[in-house]
Amino acid sequence: MPATVILGGHWGDEGKGKVIDLLAANCSYNVRYSGGANAGHTVVNEHGSFALHQVPSGVFHPGVVPMLAAGVVVDPQALLEEIATLRAQGVSLDRLHVSERAHLVMPYHKALDTAMEARRGERRLGTTGKGIGPAYSDKAARDGLRVGDMLDRKRFAELVRQSVEAANRQLVALYGAEPVDAEHVLDQSEEWARQLGPYICDVERELRYGLSRGQMVLLEGAQGALLDIDAGSYPYVTSSSTGVAGACASAGIPVQSVGPVVAALHAYMTRVGEGPFPTEQENGIGEHLRVVGKEFGTTTGRARRCGWFDAAASRYIVDLNGVTSLAITKLDILDGLDPLKLCVGYEIDGKIIDYVPARPELLFRAEPVYEELPGWQGRTTPARTWEELPDGARAYVRRIEELMGVPVSIISVGPARDETIILRDPLSM
Ligand code: IMP
């Protein structure tokens, strides 16, 4: 049984959480593979409405083992709070596994994130402030603390003390910021080690064993694939590998074990933070998408930037990740908008191209080349079959399918689990 990857095909917030909640039902493992507490997945199901940040979205299914793999940066304080909130909502976290190899996001990483953004001034990235960049920097510099370090409490305390001292030197001398309170961090880290200890294990080995026994693994992306550190509009990206290659590296499984790759794509586009966004609509259309689509960050509460569907950027993600089918989400948000526009390329300095240039400065001045389609009257939310969708909605989805070169498997017409049209089984494509 191959592993399935579910990734966000845009800049995040594509509704991956709903798709994963839907597809995790028959899986043995649901593995979060990138990012940290910067993610925000919203899941609405028969148990209630949940905002998940680090815990995988398939956690609601009793047969699923939720896991955080090596490539995740774990914020221990935030994770414990999320566990407590979910428990209070009646969700069992007893099966949660956290990789020994995953790195820790420490309080000084968050302080550094804020200080670095302040120093960037006008060139700020609009990070979530969750310490992601500094935590991955320490990992790459081989100065990071890993989740497994917590298993030896005495050694962990020493490592924490040394790391806080080093980070404080940086905070004070380089950024003129306040140092973090070393004693407080030490107390906290003792508590994290005590409380998280039971969840820590060799996740990657267990996954390979599970795959060898034919068990189904669902790899869950966080952050959109357009925010990938290599493929995205650097430096306006996150600090992890958000695509399929990142999933395999993080989960410690061979690339050949990945079968289906499902990209969740909004029926339009959103972006949070800075960076180029050629189809952004800073007008009534953008406002419609933001208000009707409730496009406000689950993690930061920030208003998301909104615009027309960018087929050139989406196709880039499809090709880059070997996407096998698409989950088109939030189609209902386009109800009543007429006409609709799809961006099929860019005009940059008088030249028309149909691909995403590597340099963000080119994308900043790109003029989108649009194709116009008629909108539709009536609501898509009540539809449960392809035939029940308005003609215009079907034509819009078909055109996206043609432009992407891969079939649509799922259409989401509302936040609830059942407000979904399944055209074909994405796990068998
Ligand atoms: P960081 O990941 O906090 O370092 O932020 C880097 C960029 O990624 C910023 O533009 C953030 O707004 C964006 N970003 C990070 N996580 C998410 C997410 O879950 N959804 C949308 N954007 C995100």
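Which side chain has an N or O atom 2.6 Å from an oxygen atom of the ligand? In this predicted model, that side chain belongs to T238. Two further polar pairs turn up around the ligand. One runs from a ligand nitrogen atom to a polar side-chain atom of D13, at 3.3 Å. The other is made by the backbone: a polar atom of G126 sits 3.2 Å from an oxygen atom of the ligand. As for how much of the ligand is covered, it would expose 470 Å² on its own, and the protein buries 96% of that.

T238 also shows up in the wider shell. There are 17 residues around the ligand, and those that come nearest are N38, T128, T238, V272 and R302. Sorted by character, the shell is a mix, with eight polar residues, seven nonpolar ones and just two charged ones. The space that the ligand takes up is the largest pocket.

So where does all this sit in the chain? The domain assignment splits the chain into domain 1, made of 3-90 plus 203-428, and domain 2, covering 103-198. On the contact between the two, domain 1 puts in 26 residues and domain 2 puts in 20 residues. Their C-alpha centres are 29 Å apart. The ligand lies between the two domains, because domain 1 and domain 2 both give residues to the shell around it.

Note on methods
Residues are numbered from 1 along each chain as its sequence is written. This is a predicted model: local features need pLDDT of at least 70, side-chain atom pairs count only at pLDDT 80 or more; totals for chains, interfaces and linings use all residues. Side-chain values use heavy atoms; hydrogens and water are left out. A residue is near a molecule or strand if one of its heavy atoms lies within 4 Å of it. A polar contact is a pair of N or O atoms within 3.5 Å; within protein, one must be able to donate a hydrogen and the other to accept it, and residues adjacent in sequence count only if both atoms are side-chain atoms. Accessible areas come from the Shrake-Rupley method with a 1.4 Å probe; for residues, only the protein chains shown count as cover. On a 1 Å grid over the protein atoms alone, a cavity is a set of points where a 1.4 Å probe fits but cannot get out, and a pocket is an open set with protein on both sides within 12 Å along at least five of seven lines; lining residues have an atom within 4 Å of a point. A molecule sits in a cavity or pocket if more than half of its atoms lie within 2 Å of its grid points. Ala, Val, Leu, Ile, Met, Phe, Trp, Tyr, Cys and Pro count as nonpolar, Asp, Glu, Lys and Arg as charged, and the others, Gly among them, as polar. Domain bounds come from an automatic or database domain assignment. Contact means heavy atoms within 4.5 Å.
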